[in-house]
Amino acid sequence: MKHFTLILLFLFLPIVIVAHTQQGIVKTKGRLNGDGSVNPGQMLQGATVKVKGRTAVVSNSHGEFSFPVAGSKYSLEAVKKNGYRLVDPETVSRQYAYSEDNPLMLVMETPDDRADEELANERKIRRSLQRQLMQKEDEIEQLREENRITQEEYRARLQELYAQQETSEKLISKMVEYYSQIDYDQIDEFNRRISSYILNGELARADSLLATKGDIGSRIAALKQHQAVNAEEQAELARRQQVLSESEAFAAKEVNDLAQDCYHKYEIMKMQYLNDSAAYYIELRASLDTTNVQWQLDAGEFIDRYIAKYDKAEAYFRCALRNSMAQQGDSSALVAMCLDRIGNVCDTKGNYDDAGRYYQKALEIKKFLFGEKHIEIAKSFLNMGNVYGQRGKYDEALKLYNKALGICKMSSDGENQDVITQIYDRMGISYYFKYDYDNTLLYCTKALEIKKNCMTMI
C-alpha cells in the first residue's frame with residue numbers, strides 16, 4: 001500500500017521552471033576625440049526594449065532595465081527610443097546567452113550624431129589618404145629626378161598610383177562605417193590608440209604599437225600550435241569520457257543488480273521472521289546509493305517498525321529528506337512524505353514538539369499540492385491529532401480527528417476506509433481517557449464494523 005501511495009504522490013509533483021533575471025543598459029556611444037581620448041557615452045532613459053515572447057520593459061533614469069529569462073538563451077524583438085536608433089541594426093537579430101555577470105549593452109545614437117561622426121571620420125580618412133598619395137608622388141618624382149627610373153617607368157608608376165587611388169573609394173566607405181560603429185567605451189586603451197592613429201593617418205605609429213605585441217606571423221604559428229595541442233587534448237578527453245561513460249553504465253547496472261539481490265535477501269529473511277538479517281540486507285541496499293530516496297525510506301521504515309532503533313530510522317528518513325529536496329525542490333509530495341516519516345519517529349520517541357513541527361510542515365506542502373480536501377490532508381490531521389492525544393490534549397485531538405473524518409467521508413475508496421478505521425480507533429481512545437465511555441464504545445464499534453467488512457471482503 002505504501003509503495004502504491006508513493007507512486008500516486010509522484011503524479012502530483014509540480015513542474016518547476018527556473019527563471020533568471022537578465023540585466024541590461026541602454027546608452028549612447030563613447031566617441032573618440034581628436035587627441036585619442038574618449039568622450040564617454042550617456043545612459044538613456046525611456047528606451048523601450050522588447051524581448052521575444054515577453055512584455056516590453058523601459059530603461060530607468062540610469063539607463064538600466066531587466067527582464068526574466070526562462071532557460072539560457074533569449075532574443076530581442078525591438079529596441080526603440082524617440083529620436084534614436086541602434087548603432088548596430090543587427091542587435092535585434094542575434095540570439096543572446098543569459099549572463100549573471102555581464103549586462104546586455106544596447107548602444108543607440110541620433111541620426112544627426114551618426115551623420116556628423118561619419119563626416120568627421122571620412123574627412124580624417126580622406127586627408128590621410130591624400131597625404132599618402134602626395135608622399136608616393138614625391139617619391140616617384142625623386143626617383144625620376146635622380147635618373148633611377150626612366151620616363152616611361154615614371155608614367156607607369158604614376159598611372160598605377162592613380163588607379164589605386166580610384167579604388168580606394170570603397171575602402172573609404174568601409175572604414176567610415178567600421179569606425180563610426182565602434183563604442184569606444186567598450187574597447188581597451190590599446191585598441192583605442194590604434195584606432196586613433198589610423199584615423200589620423202599616423203600609420204607608422206599604429207604599426208609600431210602593434211609590433212609591441214610581437215610578430216603577427218610568429219603569434220599565429222604559436223596559436224596554431226596551441227590549437228593543435230587543444231585538439232589532441234580534446235581527443236584524449238573524448239576517449240576518456242567514452243571509457244568513463246562505459247564504466248558508469250556498468251556500475252549503474254551492477255548497482256541495480258545488487259540492489260535487487262539485496263531486496264530479495266531482505267524479503268527471504270523477513271518471511272522467516274529473521275528481522276536482524278532482513279535489516280542488514282535492506283540497509284545494505286540503502287548504502288549502494290544514498291541518493292536513492294526510496295531505498296532510504298524503505299530502510300528507515302523497516303528499522304522503525306521491526307527493529308525499533310528509532311535514531312537510526314530517523315537518520316535514514318533525514319537522508320531521504322535531504323535528497324528529495326535536492327532533487328525536487330522544497331515543496332514536492334516526496335518531501336512531505338519524508339517529513340511525515342520523521343514526525344512519526346519523533347512521536348514514537350516522545351519528542352512531541354518536534355513531531356508536531358514536522359507534521360505541520362508536511363501539511364503545508366500537501367495543501368499547496370493537493371488542496372484542502374485530499375486524503376493526504378486527512379492523514380496529516382490524524383497524525384497531528386495523535387500528537388495532541390499523546391500529550392493528553394484530547395479535545396484538540398478530537399477536533400483534528402473530526403476534520404480528518406470529514407475529508408475521508410467525501411470518498412469511499414479502500415484507502416479512505418483504512419484511514420477512517422484509524423480515526424475511529426483514535427477517537428475511541430480519546431473519549432476513553434475523557435471518561436466518556438458511551439462515545440468510546442460508539443467509535444470503537446464503528447472501527448470494528450469496518451474491520452469486519454474488510455475481513456469479509458478478503
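**Strand pairing and two helices**

Three bridges hook strand S7 (residues 73-80) up to S9, and the two run antiparallel. One of the pairs can be named: Tyr-74 has Tyr-96 in S9 as its bridge partner. The model here is a predicted one. Zooming out, S7 and S9 belong to an open sheet of four strands, ordered S5-S4-S7-S9, with antiparallel pairing. Strand S5 (57-58) and strand S9 (95-97) sit at the edges, each pairing on one side only. As for what does the joining, strands of a sheet pair through backbone hydrogen bonds, either parallel or antiparallel.

Now for the helices. Helix H2 covers residues 111-145, and its 35 residues at 1.5 Å apiece should span 51 Å; the end C-alpha atoms turn out to be 50 Å apart, so the two values agree. The buried residues of H2 are a mixed bunch: Arg-114, Glu-117, Asn-121 and Ser-128 are on the list, along with Ile-125, Leu-129, Leu-133, Ile-140 and Leu-143. Their cover includes three strands, S2 (31-32), S8 (85-86) and S10 (104-109), plus helices H3 (151-181) and H4 (189-199). Just past the end of H2, Asn-147 adopts a positive phi of about 55 degrees.

Helix H13 (residues 394-408) gets the same check: 15 residues at 1.5 Å each should span 21 Å, and the end C-alpha atoms are 21 Å apart, which agrees. On the buried side of the ledger, H13 has Tyr-394, Ala-397, Leu-398, Leu-400, Tyr-401, Ala-404, Leu-405, Ile-407 and Cys-408.

Methods:
Residues numbered from 1 in each chain as written. Predicted model: local features only at pLDDT ≥ 70, side-chain atom pairs only at ≥ 80, totals over all residues. Heavy atoms only, no water. Expected span 1.5 Å × (residues − 1). Buried < 20%, exposed > 50% of the residue type's maximum accessible area, 1.4 Å probe, protein only. Contact = heavy atoms within 4.5 Å. Pairing = 2+ DSSP bridges.
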